[in-house]
Amino acid sequence: MTQAEKTGTGSASGEPCYILAVETSCDETAVSVVKNGTEVLSNLISSQIETHKAFGGVVPEVASRKHVESITYMLDEAMQTSGISPREISAVAVTQGPGLVGALLVGIVAAKSAAMAFGKPLIGTHHIAGHIYANQLEHDIVYPCIALVVSGGHTELVLMESEGHFQLIGRTRDDAVGEAYDKVARAIGFPYPGGPHVDRVAHESEEVVTLPRAWLEPDSYDFSFSGLKSAVLNVINQTKMRGETVHAGAIARGFQESVVEVLVEKAIRAMREYGAKQLLLCGGVAANRGLRTALRERCEREGIELLIPSMKYCTDNAAMIGAAAYAKWKRGEFTSLDMKADPGLSLEEWSVQT
C-alpha cells in the first residue's frame with residue numbers, strides 16, 4: 001500500500017488535489033492555490049524590484065525582511081481568492097531550494113505553520129522543477145522531453161524521460177544567462193534589473209558588434225558566458241580609449257545574438273540526440289523576446305513542438321511550485337516537518353522516487 005493510500009491524500013483517493021504553494025527563494029514573495037497541478041485558483045506575487053533597484057541587485061537580508069512583512073497577509077489573501085477552505089487543502093508545498101537561505105527560511109516556516117494548522121502534509125519542492133512545470137499550467141507535457149532552463153542563477157539542459165524524473169545533461173560552468181545579462185547591462189549603463197533593457201535595445205538597434213560564441217567541447221551541452229561578458233567589457237573599454245561613443249544598442253544586440261545562438265543550437269542538438277518529443281523553455285530569461293523568437297523560428301523549421309509559459313509564469317511564482325509538487329503528491333511523497341532550507345538542493349535527487 002502506498003503512502004497516498006494510507007493517508008487518503010494521494011491520487012488513490014479520487015478527490016481533487018488542492019495544493020497551497022509558497023515561493024520565497026529570492027526577491028518575490030508568492031503564494032498560490034493550484035488544483036490538480038494544472039488549474040491556478042489564485043496566484044499572488046509581491047515583487048521587491050523597486051526596493052533592490054537602489055542597491056543595483058538583490059540584498060539577501062533586505063529580501064528576507066520583505067518576505068516576513070508580507071507572507072502572512074499573502075497566505076490569507078491567496079486562500080480567500082481561491083475560494084478553497086483550509087479543510088479542502090490537500091497539501092502545502094514550499095520551495096526548499098535552491099535560493100537565498102534567509103529568504104527560503106521565511107517561506108518554509110510559513111508553509112510548515114500552515115501544514116500544521118491545517119493538518120495537511122508538507123511537500124518541499126525544487127525551485128527549478130517549479131520553473132519546468134510552469135509549462136504544465138498551460139500545456140500538456142509529453143515525455144520524453146528536454147527542458148532549457150534559463151534564469152538569473154541557472155542555465156541548464158534537463159532530460160525528463162517521465163513525469164518528475166530529471167537528468168541534467170548540461171549546465172553553466174560560470175555565469176548563468178541572467179547573471180551575464182545583468183553584468184553586461186551594468187557595464188553598458190542600464191539600471192537593475194538590466195536584462196529587459198538589453199533585450200529591448202538589442203531589438204531596436206540596426207547595428208551589431210560581432211562577439212564570440214562559447215561552444216566548449218564538440219559534444220558538450222554545458223554553457224559558459226563569462227568569456228562573452230569579458231569580450232563585451234573589452235569592446236567598451238577599447239571604444240572609450242579611442243575616444244569614440246559606446247553604442248549600447250549594437251553591443252546589446254551582439255551580446256544577445258551570441259547568447260541566443262548557443263542556447264538554441266545546444267537545445268536543438270539535445271532534442272535530436274535524446275529523441276525528445278517536446279522542448280520546454282523555462283525560467284525568468286524565458287521572458288526574453290529575442291530568445292523566444294529565435295527558438296520559435298528554429299523549432300518551426302525543425303518540426304519540434306516548443307512549450308513556453310506565459311510571461312506571468314516565467315518569473316518566480318508560487319503556481320509553478322504547486323504544479324511541480326503535484327507529481328510528488330500523486331505518489332504520496334511528502335516531506336518531514338523537520339525539513340531545512342537547502343540552497344544547494346539537487347534537481348536530480350529531488351526526482352520522484354516511485
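This briefing covers one helix, one strand and several salt bridges of the structure above.

The model is predicted, so local features need pLDDT of at least 70 and side-chain atom pairs count only at pLDDT 80 or more, while totals for chains, interfaces and linings use all residues. Residues are numbered from 1 along each chain as its sequence is written, and side-chain values use heavy atoms, with hydrogens and water left out. Helices (H or I, at least four residues) and strands (E, at least two) are DSSP runs, numbered from the N terminus.

**Helix α6**

- Helix α6 covers residues 177–188, which makes twelve residues.
- From first C-alpha to last, α6 reaches 16 Å, close to the 16 Å expected at 1.5 Å a residue; the expected span is 1.5 Å times one less than the number of residues.
- The buried residues of α6 are Val177, Gly178, Ala180, Tyr181, Val184, Ala185 and Ile188. Buried means under 20% relative accessible area, exposed over 50%, and partly exposed in between (1.4 Å probe, protein chains only).
- These residues lie on the same side of α6 because they cover an arc of only 160° around the axis. The arc is that of the directions from the helix axis to the C-beta atoms.
- An α-helix has 3.6 residues a turn, so residues three or four places apart point the same way.
- The buried residues of α6 pack against β6 (145–150), β7 (155–160), α7 (195–204), α8 (226–241) and α9 (248–274). Contact here means heavy atoms within 4.5 Å.
- Gly189 follows α6 and has a positive phi, near 115°.

**Strand β6**

- Six of the six residues of β6 are buried, so β6 is largely enclosed by the rest of the structure.
- Both faces of β6 are covered, with Cys145, Ala147 and Val149 buried on one side and Ile146, Leu148 and Val150 buried on the other.
- β6 and β7 run antiparallel and are joined by six bridges. Two strands pair if DSSP finds at least two bridges between them.
- The connection from β6 to β7 is a hairpin of four residues.
- β6 also runs parallel to strand β9 (residues 278–282), with five bridges between them.
- Leu148 has a partner in each neighbour: Leu157 stands opposite in β7, and Leu281 is the bridge partner in β9.

**Salt bridges**

- Side chains of opposite charge can pair when their charged atoms come close.
- There are 16 salt bridges in the structure. A salt bridge is a side-chain nitrogen of Lys or Arg within 4 Å of a carboxyl oxygen of Asp or Glu.
- Glu61 and Arg65 form a salt bridge at 2.9 Å, N to O. The two are four residues apart in helix α3 (residues 60–82), so about one helical turn separates them.
- Glu61 is partly exposed at 46% relative accessibility, and Arg65 is exposed at 54%.
- Glu163 and Lys330 form a salt bridge at 3.0 Å, N to O. This pair links distant parts of the chain, 167 residues apart: Glu163 is in the loop between β7 and β8 (167–171), and Lys330 is in helix α12 (residues 319–330).
- Glu163 counts as buried at 17% relative accessibility, whereas Lys330 is partly exposed at 25%.
- In the salt bridge between Arg242 and Glu244, the closest N and O atoms are 3.3 Å apart. Arg242 is exposed, at 51%, and Glu244 is partly exposed, at 43%.
- Glu265, Arg272, Arg298 and Glu302 are joined into one network by salt bridges that share partners.
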